[in-house]
Amino acid sequence: MNRKLIAGALLATLVLTSGCLGFILGDTLEVSATKATVGDNALSQTGYEKAKVESLDAKRTFEAAGQSREVKVTNWVAQYEKTVGIDGVAEGTAATFVVVSSPDVKIASKSFNPLSKFDNRDLVEKFVSGYGNIHDIRTVGSENVTVLGTNTKVSEFTATARSHGVNVDVTIQATKLKHDGDYIVVLAVYPKRLDESDSVSSLLSGIQHDG
């Protein structure tokens, strides 16, 4: 399975806009999320390792209240991976767990971050199914997990991923919540023949975000 599968999809599709009073006053707008990561304890318990934690800047020209301004938004992407071997599929197959934090900024009570309207299915369709390696996404079910003190619905999907000319059935888990002024989006992808659900629950419970 392509180790860049989820991160590539996120980097390619994440388009964010925002605004505040400075927009109307003509100030330069720079809005930043606080990074969300997985704690070392959860990583050590699950065997996942940090692949990267990096900021992602986006600049967009936005119009509101008859004014046009360029807005710089800083998001954070944290990616973790677990390398395993699966008989009959591949050696070194990577299970991937990605956490995205993105700022929610409002003008007149309206959010300008498109994530505010996405449910879990939307997250998968926007960030994963648009990426050529994954198709035939099907909803399986959901469970509740406590993330950052919030009882959060985590949805599970199955899909087919194509990597190095081989089709692999995969499980996708997705959720979104609001915490300290940021949207936190989580996506996990792993081969269906593995049962990483307990590990994903531990990673979700181990998310840290100091907004």
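Among contacts in this protein between residues at least 6 apart in sequence, 63% join residues at least 24 apart, and the model in which these contacts are counted is a predicted one. The fold is assigned 5 helices and 12 strands. Of the 211 residues of the protein, 52% count as buried, while the exposed surface comes to about 9900 Å², with carbon and sulfur atoms supplying 43% of that area.

## Confidence

The average pLDDT of the protein is 79, and 72% of the residues score at least 70. Over residues 3-25 the pLDDT is below 50, although this stretch has 82 contacts in the model beyond near neighbours in sequence. Where pLDDT is low, the predicted coordinates should not be read in detail.

## The hairpin of β8 and β9

Strand β8, covering residues 134-147, and strand β9, covering residues 150-163, run antiparallel and are joined by 11 bridges. One of the residue pairs across these strands is formed by E143, whose bridge partner in β9 is V154. In a regular strand the side chains alternate between the two faces of the sheet.

Which residue takes a positive phi in the hairpin of β8 and β9? With 2 residues between the strands, the hairpin has L148 at a positive phi near 50°. L148 is found in the loop between β8 and β9, and it is not a glycine. Most residues other than glycine have a negative phi, and most peptide bonds are trans. L148 has a relative accessible area of 19%, and because the limit for a buried residue is under 20%, this loop residue counts as buried.

A positive phi is also found at D136, where the angle is about 55° although the residue is not a glycine. D136 lies in strand β8, and its relative accessible area of 46% makes it partly exposed. The side chain of D136 takes part in a salt bridge with R138, the closest N and O atoms being 2.5 Å apart. R138, at 32% relative accessibility, is likewise counted as partly exposed.

## Salt bridges

How many salt bridges does the count come to? The count comes to 6 salt bridges, and the table sets out some of them, including the pair in β8 just described.

| Salt bridge | Closest N to O | Relative accessibility |
|---|---|---|
| K52 and E54 | 3.6 Å | K52 29%, E54 29% |
| R121 and E125 | 2.9 Å | R121 27%, E125 35% |
| R138 and D136 | 2.5 Å | R138 32%, D136 46% |

The side chains of K52 and E54 meet with 3.6 Å between N and O; K52 is partly exposed, and E54 is partly exposed. For the salt bridge between R121 and E125, the helix provides the setting: because the two residues are 4 apart in helix α4, which spans residues 120-129, R121 and E125 are separated by about one helical turn. R121 counts as partly exposed at 27% relative accessible area, and E125 counts as partly exposed at 35%.

## Polar contacts of buried side chains

Two further residues, E81 and H179, can be described through their side-chain contacts and their burial. E81 has its place in strand β4, which covers residues 67-86, and its side chain makes a polar contact of 2.7 Å with the side chain of Q79. Is E81 buried or exposed? E81 counts as buried, because its relative accessibility is 8%.

H179 lies in strand β10, which covers residues 166-179. At 15% relative accessibility, H179 also falls under the 20% limit and therefore counts as buried. A polar contact of 2.7 Å joins the side chain of H179 to that of H209. Which residues is H179 in contact with, leaving aside its neighbours within four places in sequence? H179 is in contact with L148, I184 and H209. L148 is the residue already placed in the loop between β8 and β9, so the contact of H179 with L148 links strand β10 to that loop.

Note on methods:
Residues numbered from 1 in each chain as written. Predicted model: local features only at pLDDT ≥ 70, side-chain atom pairs only at ≥ 80, totals over all residues. Heavy atoms only, no water. Buried < 20%, exposed > 50% of the residue type's maximum accessible area, 1.4 Å probe, protein only. Contact = heavy atoms within 4.5 Å. Areas by Shrake-Rupley, 256 points an atom, 1.4 Å probe, with all protein chains shown as cover. Polar contact = N/O pair within 3.5 Å; in protein donor to acceptor, adjacent residues only side chain to side chain. Salt bridge = Lys/Arg side-chain N within 4 Å of Asp/Glu carboxyl O. Pairing = 2+ DSSP bridges. pLDDT = per-residue confidence, 0-100.
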